[in-house]
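Subject: A structure for you to look through

Dear colleague,

I am passing on a structure that I would like you to open beside this email and read through slowly. My notes on what was found in it follow below.

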Amino acid sequence: MSWIKIILINFILTFALIGMFILTPPILYSTYQLIKGDKTKTSLDERSTLDLYKNFEWSDKHFVEVAELSTTYYDFITWRRNDYAGETININNGLRVTSKPDKLNGKTLNYFFFGGSTTWGTGVDDKNTYPSIFSKLTRSHVTNFGESGYIARQSLAYLNNHVINYSLLDMSNVSVVFYDGVNDVNYRCRNEFNGMGTGRENQIQNLLKSEKRFSFMRTFNQMKDFINLIFQKYIHKDTSNLYSCASKKKRALTVAKSLVDTWEITADFVESRGGKFTAILQPVAYYGNADTSYLNLTSNDEKKSLAAQYQAVYPIIIELANERNFNFIDLTGVYDGCNECYIDFNHVGPQGHEILVSKLISYL
C-alpha cells in the first residue's frame, strides 16, 4: 500500500470521526424527541395537578402550551415571547391577550401593567391573568406588558419603546403599574450576575463570544453545550452558594436600591408626561404567611438559600421605597392565610389573582 493511500485513508477516518463527534448532539436529541413523540402533548406539569385547579379543566392544557412557547431576542428589552394562538394562551405582537369588558366604564384612563411572569400570567389562562380580571371588574382598558423573567429595568426599557413608538407625549390618561420584586431578587442576588444584567446576560455574552467567524470553538460549541446539559441534568451540583444577598448586606442593599431607583426613574418619566405611576412589591411565598404546606418550597439547599435572599432584601426594598417620592404599595402580605393561592414559590392560580385584584382596585 502506497504512502499516499495510507494518508488518504487516515484523512478520511479522521474526518469521519470528527463528523460523528459533531453530529452526535443533534442526532441524539432528535432521537430523544422522536421517542417522546406526542407525550409532551399529554404529560402533566406537576403544578396542574394541584387541588386549587380541580375546578379548572384547562390547567393541564395551559402548562402544555407554556412549554410550547418560544422567544426572540430584541435590543434594549432583551427578549419577548413570539406570537402564539392556543386554547389558554394567546399572544399578539409580543403581548399576552387581555380580556376586554363587555362595556367600558366611560372613563378614558388606560392601565399599563408591567412585570414578570406573574403579570404575564404563568399558571392561568388568558381570562384569569390579573390584568384581565382587573379589566373585567373595573370595566377599564388594560394592556398586559408583562413578560416572563423580566426585571424592573427591562420593563422600563419596554415602556420607553412603547412611548417612543406611539409618541405618547401626553400620558394624562394612563396609569402605569410596575409589579416587581421576585425576579430582581432571584436573578440579581446570584453570584454570577453583576451590574444591571438580565437573567440572560451571561447566555447572550457566551453566544456572542463566538471568537472568529470560522473557528474550532464555534464548530464544537454544540458538543460543549450538549455535555453541559448532561452534567446539569444528571450530576449533582452544589447550589448552596448560588446566592449572596443573605450573607452580604452590601449586595442586598445594592439589589434593593437598584429596584427602587428604577421605580423612581420610571415615576419621573411617567409623571413628566402627565401620567400616574404606581410601584408594587409583589408577594412571594418565601416572605409572608400564606399556607404553602402543600408545596416543597425548601426541599433542597438551593431553595432554602433562595428563601433567605427574599428575607434579606425585601425589608430593605420596603424601607427604601417608603422613603421615596412615588406611589408605593407593599403587597407582600396579600396572600397571608390563603391555602389555595401559590402554585410554586411566586406564581399563583386564579384564586390568588382574584384576591390580588380586589386589593389593586382598592388602591388604584
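The place to begin is a salt bridge between D261 and R324, whose closest N and O atoms are 2.9 Å apart; please keep in mind throughout that the model is a predicted one. D261 belongs to helix α10 (residues 249-271), while R324 sits in the loop between α11 (301-323) and β10, so this pair ties together parts of the chain that are 63 residues apart in sequence. With a relative accessibility of 23%, D261 counts as partly exposed, because buried means under 20% and exposed means over 50%. The pair also does not stand alone, since K257, D261, E264 and R324 are linked in a network of salt bridges.

How many salt bridges are there by this rule? The count comes to eight, and two others deserve a look.

One of them joins the side chains of R47 and D344, with a distance of 2.8 Å from N to O. It links distant parts of the chain, as R47 is found in the loop between α1 and α2 (59-68), and D344 in the loop between β10 and α12, 297 residues apart. The two partners fall into separate accessibility classes: R47 is partly exposed, with a relative accessible area of 22%, whereas D344, at 14%, counts as buried.

The other is formed by E147 and R80, where the closest N and O atoms are 3.7 Å apart. Here E147 lies in the loop between β7 and α5 (152-165) and R80 lies in strand β2 (residues 78-81), so the salt bridge ties together parts that are 67 residues apart in sequence. Are these two residues buried or exposed? E147 is buried, with a relative accessible area of 1%, and R80 counts as buried too, at 3% relative accessibility.

Next come the sheets. As general background, the strands of a sheet pair through backbone hydrogen bonds, either parallel or antiparallel.

One open sheet has five strands in the order β7-β6-β8-β9-β10, and their pairing is parallel. The strands at its edges are β7 (141-144) and β10 (327-330), and each of these has a single partner strand, so one side of each is left without a neighbour in the sheet. If direction is ignored, neighbouring strands of this sheet are turned against each other by 20° on average. Within the sheet, strand β6 (residues 110-115) and strand β8 (residues 174-180) pair in the parallel sense over six bridges, and you can find one of these places by looking at Y111, whose bridge partner in β8 is S175. Helix α4 (residues 130-138) packs on this sheet and touches β6, β7 and β8, with a direction that makes about 165° with that of β6.

Another open sheet has three strands, in the order β3-β4-β5, and its pairing is antiparallel. Its edge strands are β3 (84-85) and β5 (95-96), each of which pairs on one side only. Two bridges join strand β4 (residues 90-92) to β5, and the bridge partner of I91 in β5 is R96.

R96 also leads to V124, which it touches. V124 has its place in the loop between α3 (117-120) and α4, and it counts as buried, at 0% relative accessibility. Leaving out residues up to four places away in sequence, V124 touches several others, among them W58, H62, V348 and H353. V124 and F56 are 68 residues apart in sequence, yet their C-alpha atoms are 9.5 Å apart in space.

H353 itself lies in helix α12 (residues 350-363) and counts as buried, with a relative accessibility of 0%. Apart from its neighbours within four places in sequence, the residues in contact with H353 include V124, N128, Y130, I133 and Y335.

Finally, please turn to the surface, where W3, I4 and I7 make a nonpolar patch of about 370 Å². I4 lies in helix α1 (residues 3-36), and with a relative accessible area of 52% this residue is exposed, because the class begins over 50%.

With best wishes

Technical notes. Residues are numbered from 1 along each chain as its sequence is written. This is a predicted model: local features need pLDDT of at least 70, side-chain atom pairs count only at pLDDT 80 or more; totals for chains, interfaces and linings use all residues. Side-chain values use heavy atoms; hydrogens and water are left out. Two strands pair if DSSP finds at least two bridges between them. Helices (H or I, at least four residues) and strands (E, at least two) are DSSP runs, numbered from the N terminus. Axes are lines fitted to C-alpha atoms, for helices over the stretch in contact, and angles run from 0 to 180 degrees between N-to-C directions. Contact means heavy atoms within 4.5 Å. Buried means under 20% relative accessible area, exposed over 50%, partly exposed in between (1.4 Å probe, protein chains only). Patches are made of residues with over 30% relative accessible area and no salt bridge: like charges are joined within 9 Å, nonpolar side chains (Val, Leu, Ile, Met, Phe, Trp, Tyr) within 5 Å. Accessible areas come from the Shrake-Rupley method with a 1.4 Å probe; for residues, only the protein chains shown count as cover. A salt bridge is a side-chain nitrogen of Lys or Arg within 4 Å of a carboxyl oxygen of Asp or Glu.
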